[in-house]
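Me: I am new to this structure and would like a close look at one part of it, the salt bridges. Please take me through them slowly, and then tell me how the copies are arranged.

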Protein chains: 2
Amino acid sequence: MIPVQPDRFLADLHALRQFGASGIGKGVIRPAYSDADIEARKWLAGRMAEAGLKPRFDPVGNLFGLAGDRSLLMGSHSDSQPEGGWLDGALGVICGLEVARAAKEAGGPPVSVVSFQDEEGRWGVTTGSTVWRGKLSLEDADRLTDHGGLSFGDARARMADLAGDWVSPEMFTGFMEAHIEQGPWLEQSGETIGVVNAIVGIRDMRITFTGQQNHAGTTPMHLRRDAFQGLAAFNAKIAERFKGLVTDATVWTIGHVALTPSASSIVPGKAVFSMQWRDGDAARLDRMERIIRDTAAEVADERGLGLSFGEMLGLDPVDMDARLQDALAEAAEEVAPGKWRRMPSGALHDATNLSHLMPVSMMFVPSIGGISHDFTEDTDEADLVAGLNVLARAAAKL
Amino acid sequence: MIPVQPDRFLADLHALRQFGASGIGKGVIRPAYSDADIEARKWLAGRMAEAGLKPRFDPVGNLFGLAGDRSLLMGSHSDSQPEGGWLDGALGVICGLEVARAAKEAGGPPVSVVSFQDEEGRWGVTTGSTVWRGKLSLEDADRLTDHGGLSFGDARARMADLAGDWVSPEMFTGFMEAHIEQGPWLEQSGETIGVVNAIVGIRDMRITFTGQQNHAGTTPMHLRRDAFQGLAAFNAKIAERFKGLVTDATVWTIGHVALTPSASSIVPGKAVFSMQWRDGDAARLDRMERIIRDTAAEVADERGLGLSFGEMLGLDPVDMDARLQDALAEAAEEVAPGKWRRMPSGALHDATNLSHLMPVSMMFVPSIGGISHDFTEDTDEADLVAGLNVLARAAAKL
């Protein structure tokens, strides 16, 4: 048993949401490398030190609280979406902090904590853990730019005074990440805990159509090369062509759109947009990519538009480690008998990257209304505490 | 005869484009009330004074160069699109300046000049002349906001030190506006001059779909309320429903789109976009409006989206004054025998507003490639000078 303290855990969770508090419900605005994000990481480092852990920032701002030379790692991320909730990432970090702190107080087992940087993908997808894993070099990461044109290199320079050396993955026996489900399934089934068996894969790419910017009154419809109309045609065609290939669990999203010059009296000369798609089957992700590239090329050709694809970022689907998964399942049955399930994660997490370095597992608690990436994201506090208890029990079983 | 000087005219036209020069070709960035726009207006006021005209700014920054108590008014506007060309508006202002200056030097007839403010519609459509006309009250105009949230009231306050009283429309016997065609027809037919017989009407409205912002990985496609998908469905449906109603000359444009929060990993919770449509027939504009409103409501209903319409701005189609039009036609035949035509204007102009106050007319010169509202907008200088000569001859005939 690791004697976790629910009140202390909840107090820390609420303290963390004050950094970048949106002022709307419990929402937070704490994107990677913002002032709020950096201040939150400094506060977390302080809480780690108070718990007897050794805080350590690496060159990209991933924050570790180390329990020794060889330990179980727990955590998630403390950066948020541009308009995010208080639990996405924060729950896993504070769960990890409380289990590590309680374990330290109880004299073992050694548990370390981590908050990865830019999990939310201001510069792509799970940037901090992708660099830590070694899949993306620091040099290549530094050249990535966010939607506002800020480079990753310039952004991480904001934390340069805190940065230490890289932390070796060899220090950890495994990784356990607690997270909100961010989907509707646990709430709809009335269950408390989800033991994750796999994480779906993701692809993310920016696409640009270039047309001819022109006067919206004097340019006849048949002579237009309207970049927004290219985007609209692409959007309709891929939905049609995905039929028969996708499953109910497959998702795709155009979440970001930027027109140039974006004025009501001007035919748009350029449309830059994000195309993201997710599925548990890597071969299906590849087939979707083929459709996306071919359809964009076809639309560009039909409409006389220029076309360019940005770098494709993404991660393949991964299975969770069987031993860690079983420890979570046993603990879930003890804490919430009959009220848990094994399930895949539709969201990407840092655990995807860590699966290439060590055994990993994940645990979900329900999201009210299935809502996340929104100020209204929330979970019943009883479910948060149940999740903490499952995690503490699972860690003690290893 | 009014002895205009082509070299002086071209020199002033090139001087004006230095204000807000984009550094790309002859392009300009001189939106209403920007520093570049205000500096350009101060320079224009200086040139008017040097020409013996009396410069006068009104409360919204419309700049008049007055030739006396009763005169023919010539001009256009000197504000530009966010990314505009050097001739749109500027041509009419500098043509007016040269004709007024030459007339003054020759001892008559009296010609005044005007540069209206915000013709390009940062705050709607032809804002400066709409307020001058009295169709939009200053109080209502002040509450309009641009896409960045800046109010018209705050913007015009930037010119408050220059502002004088309103100029009475009673001072003018008529209005003549020279302009680039901004469309392909004159160039394609090898003609030099277009004598405008009518200006099409325009409607412009912002539409907002509100959905549910959510996680792009964990929210199944069938549970999404994606505001961008609402916009895409609306865009496709109106194109379908306009068939059979519209003519080859009818145009409609979605030129501005803003998603919230506009991140690749988030299902868009809100889409605000501009919907603009133009036609020479007011009844057709009304029928299009009905389709737009009904279709948006239907899409919102089908997809569980919120819907709101912004204020609809616009102007009805107007015919040009027969006497002024004939003076331009006679002059065109003298300057470019057999190389001119009567034609409608697909673009809206300040002349539309002035038609409610006095007899108005317009004259076009060709646009290379039909391109406007773009840095590459241009016209052969021989055509610019031909236009100046037509205008000077027409003014002398009245």
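Reply: In this predicted model, a good place to begin is the salt bridge that Arg203(A) forms with Asp316(A), in which the closest N and O atoms are 3.4 Å apart. This pair links distant parts of the chain, since Arg203(A) belongs to strand β7 (residues 201-210) of chain A, while Asp316(A) sits in the loop between β14 (313-315) and β15 (318-319) of chain A, 113 residues apart. The two partners can also be described by their accessibility: Arg203(A) has a relative accessible area of 6% and is buried, whereas Asp316(A), with a relative accessible area of 44%, is partly exposed.

A second pair is found in chain B, where Arg47(B) forms a salt bridge with Glu50(B), the closest N and O atoms being 2.6 Å apart. Arg47(B) and Glu50(B) are three residues apart in helix α2 (residues 35-50) of chain B, and are therefore separated by about one helical turn. Glu50(B) counts as exposed, because its relative accessibility is 58% and the cut-off for exposed is over 50%.

A third pair, also in chain B, brings together the side chains of Arg156(B) and Asp142(B), which meet in a salt bridge at 2.8 Å from N to O. Here Arg156(B) lies in helix α6 (residues 152-156) of chain B and Asp142(B) in helix α5 (residues 138-143) of chain B, so this salt bridge ties together parts that are 14 residues apart in sequence. Arg156(B), at 18% relative accessibility, counts as buried, because buried means under 20%.

Some salt bridges share partners, and in chain A they join Arg8(A), Asp12(A), Arg47(A), Glu50(A), Glu98(A), Arg101(A) and Glu105(A) into one network. Over all chains, the structure holds 56 salt bridges, and the pairs described above are among them.

As for the arrangement of the copies, chain B is superposed on chain A by a rotation of 180° with 0.0 Å of shift along its axis, at an RMSD of 0.1 Å. The two copies are thus related as by a two-fold rotation axis. The same surface serves both copies, as 100% of the contact residues of chain B recur in chain A. Of the residues of chain B, Ala232(B) comes closest to the rotation axis, with its C-alpha at 2.8 Å.

Conventions: Residues are numbered from 1 along each chain as its sequence is written. Chains are lettered from A and ligands numbered from 1 in the order in which they are written. This is a predicted model: local features need pLDDT of at least 70, side-chain atom pairs count only at pLDDT 80 or more; totals for chains, interfaces and linings use all residues. Side-chain values use heavy atoms; hydrogens and water are left out. Copies are superposed by least squares on the C-alpha atoms of residues with pLDDT of at least 70 in both. Contact means heavy atoms within 4.5 Å. A salt bridge is a side-chain nitrogen of Lys or Arg within 4 Å of a carboxyl oxygen of Asp or Glu. Helices (H or I, at least four residues) and strands (E, at least two) are DSSP runs, numbered from the N terminus. Buried means under 20% relative accessible area, exposed over 50%, partly exposed in between (1.4 Å probe, protein chains only).
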